[in-house]
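Thanks for coming, everyone. Let me put the model up, and then we'll walk through it piece by piece.

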Amino acid sequence: MKLEKMPPEFVEVQPVMAAIKAAGFEAYIVGGSVRDVLLNKPIHDVDIATSAFPEEIKQIFPRTIDVGIQHGTVMVLEEEQQYEITTFRTESTYQDFRRPDEVTFVRSLGEDLKRRDFTINAFAIASDGELIDLFDGLQDLRNKTIRAVGAPQERFHEDALRMMRGLRFASQLEFDLEPQTLAAIADNHALLGKISVERIQIEFVKLLMGVDRAKGLIPFVETECYIYCPGLRQYGDALLRLADKPLRPLQEEAQAWTMLVHEMGLSRDEIKEFMKEWKCANHLIAKVQLLANGLTRRLTGFWDPLSAYQMGGNIQLVEALLYYYDQKPQLNEAQAFYDALPIHQREELAIDGRRLLTALDAKPGPWLGQLLQEIEEMVLLSQLENNTEAILAFAKER
């Protein structure tokens, strides 16, 4: 098969590939970008694989950076662009189920493609657009199938994260896992215990945000991979309930975590503990706590001034989640309600703590924060006008 038209991203790398070929070596576009072109999806990174060894690449191009030279990767700098070039390689045994004990550079494209994870990621494209498909990946694309290259047991023992990647691809691409590949994941699920939480988290989030998360979540539970993920051991049913939600992709990662913790029934403190186990950033945890509280509130009725105020600019994110709970989102109404609030942050009050201290001739203390909060709430509830005189009169009375 030959591509009828090369996408701009592939055309852009042709001069680099031509320079490698002019020096007597082979060069191909490989990996996920080839898969995405065949699926008519947007391209992200374009990877180039070559028969030239790293030192040979550095002789061809005057400006390079050793970004991963121990694994055969050199970054080539051409004008304003950067290109990662990786030497064909084979890998030895994997003692820790994560990294090969030894990498050997080879001159054979076939040997290099044999170490790829799934057939749909084991394509290569030559400069003329000719597709190299040594493992029937094109047929698997047509059949919407995720199949390991060669023996799945070997692929997952080489890098156990590939099991999560397979589940993630099923969700993102709306594909099914081939039976032997699925069985190998079930047999080897415990190997996820060898993988860092950070690496698993990246794949898990992509799974949750996929076009058809059920195609990833259901086998994630059935193969018992979830047992070896932080905090999920007791929540297989919650994951399956999440899989049953309508299949509309989520806008933000925070929404995915919010739906998950909602199905798990976690409290605010439990959300923090759970997401800390997943090595999530503090700002993401705080946002999920906020969204989870807003979702619980919104599922029982429309916004009130205090809950809308607390939600701030996130009110639309919560409103959009109602779709997954058989309720109609009221995006315009919610935004109009929020916009009509007397204030949208404490800084909009007609008075601040310093002016209060001066007017009351008082010393700072916990009482000041409590008073400001009371003023804030009364202004929001339209029980107090947001002007200096009214607020001062109220404060002096209090």
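Let's start with a question: in which hand does H12 pass H13 in their crossing? The crossing is right-handed. Keep in mind that this is a predicted model.

Here is the geometry of that pair. Helix H12 covers residues 236-243, and helix H13 covers residues 253-264. They pack at an angle of about 130 degrees. Their axes are 9 Å apart. The class for angles from 65 to 115 degrees is roughly perpendicular, and roughly antiparallel begins over 145. So H12 is oblique to H13.

Who makes the contact? From H12, it is Ala 238, Leu 239, Arg 241 and Leu 242. From H13, it is Met 259, Leu 260, Glu 263 and Met 264. By class, that contact of H12 with H13 has six nonpolar residues and two charged ones. It has no polar residues.

Now step back to the whole chain. It has 398 residues, and 49% of them count as buried. There are 21 helices and eleven strands. What about overall dimensions? The C-alpha trace spans about 85 × 50 × 40 Å along its principal axes. The radius of gyration is 28 Å, whereas a compact globule of 398 residues would have one near 21 Å. Then look at contacts between residues at least 6 apart in sequence. Of these, 62% join residues at least 24 apart.

Next, the C-terminal helices, H19 to H21. Helix H19 is residues 353-360, and helix H20 is residues 366-380. They pack at about 110 degrees, with axes 11 Å apart. The roughly perpendicular class runs from 65 to 115 degrees. Therefore H19 counts as roughly perpendicular to H20. On the H19 side, the contact uses Gly 353, Leu 356, Leu 357 and Leu 360. On the H20 side, it uses Trp 367, Leu 368, Leu 371, Leu 372 and Ile 375. That gives eight nonpolar residues, one polar and no charged for H19 with H20.

H20 also packs against helix H21, residues 388-397. The angle there is about 130 degrees, and the axes are 11 Å apart. So H20 is oblique to H21. H20 passes H21 in a right-handed crossing. H20 brings Leu 371, Glu 374, Ile 375 and Met 378 to this contact. H21 brings Ile 391, Phe 394 and Ala 395. By class, the contact of H20 with H21 has six nonpolar residues, one charged and no polar. Look back at Leu 371 and Ile 375. They are listed in the contact with H19, and they are listed in the contact with H21.

On to the loops. Take the one between H11, residues 213-222, and H12. Thr 223 lies there. Is Thr 223 buried or exposed? It is buried, because its relative accessible area is 3%, and the cut-off for buried is under 20%. Leaving aside neighbours within four places in sequence, Thr 223 contacts Leu 182, Ile 185, Ala 186 and His 189.

Glu 224 lies in that loop between H11 and H12 too. Glu 224 is partly exposed, with a relative accessible area of 37%. What is its phi? Phi of Glu 224 is near 70 degrees, a positive value in a residue other than glycine.

Asp 136 has a positive phi as well, near 60 degrees, and Asp 136 is not a glycine. Its place is the loop between strand S9, residues 131-133, and helix H6, residues 137-142. Asp 136 counts as exposed, at 54% relative accessibility.

Then Gly 24. It sits in the loop between helix H2, residues 14-22, and strand S1, residues 27-30. Gly 24 is exposed, with a relative accessible area of 63%. How far is its C-alpha from that of Pro 246? The separation is 53 Å, with the two positions 222 residues apart along the chain.

Last one: Tyr 83, in strand S5, residues 81-87. Tyr 83 is buried, at 8% relative accessible area. Its C-alpha is 8.3 Å from that of Val 16, and the two are 67 residues apart along the chain. Val 16 is also one of its contacts. Beyond neighbours within four places in sequence, others in contact with Tyr 83 include Glu 12, Val 13, Val 74, Met 75, Val 76 and Glu 78.

That's the tour. Over to you for questions.

Technical notes:
Residues are numbered from 1 along each chain as its sequence is written. This is a predicted model: local features need pLDDT of at least 70, side-chain atom pairs count only at pLDDT 80 or more; totals for chains, interfaces and linings use all residues. Side-chain values use heavy atoms; hydrogens and water are left out. Axes are lines fitted to C-alpha atoms, for helices over the stretch in contact, and angles run from 0 to 180 degrees between N-to-C directions. Helices (H or I, at least four residues) and strands (E, at least two) are DSSP runs, numbered from the N terminus. Angles under 35 degrees count as roughly parallel, over 145 as roughly antiparallel, 65 to 115 as roughly perpendicular and the rest as oblique. A crossing is left-handed if the near helix is turned anticlockwise from the far one by less than a right angle, and right-handed if clockwise. Contact means heavy atoms within 4.5 Å. Ala, Val, Leu, Ile, Met, Phe, Trp, Tyr, Cys and Pro count as nonpolar, Asp, Glu, Lys and Arg as charged, and the others, Gly among them, as polar. The radius of gyration is taken over C-alpha atoms; the globule rule is 2.2 Å times the number of residues to the power 0.38. Buried means under 20% relative accessible area, exposed over 50%, partly exposed in between (1.4 Å probe, protein chains only).
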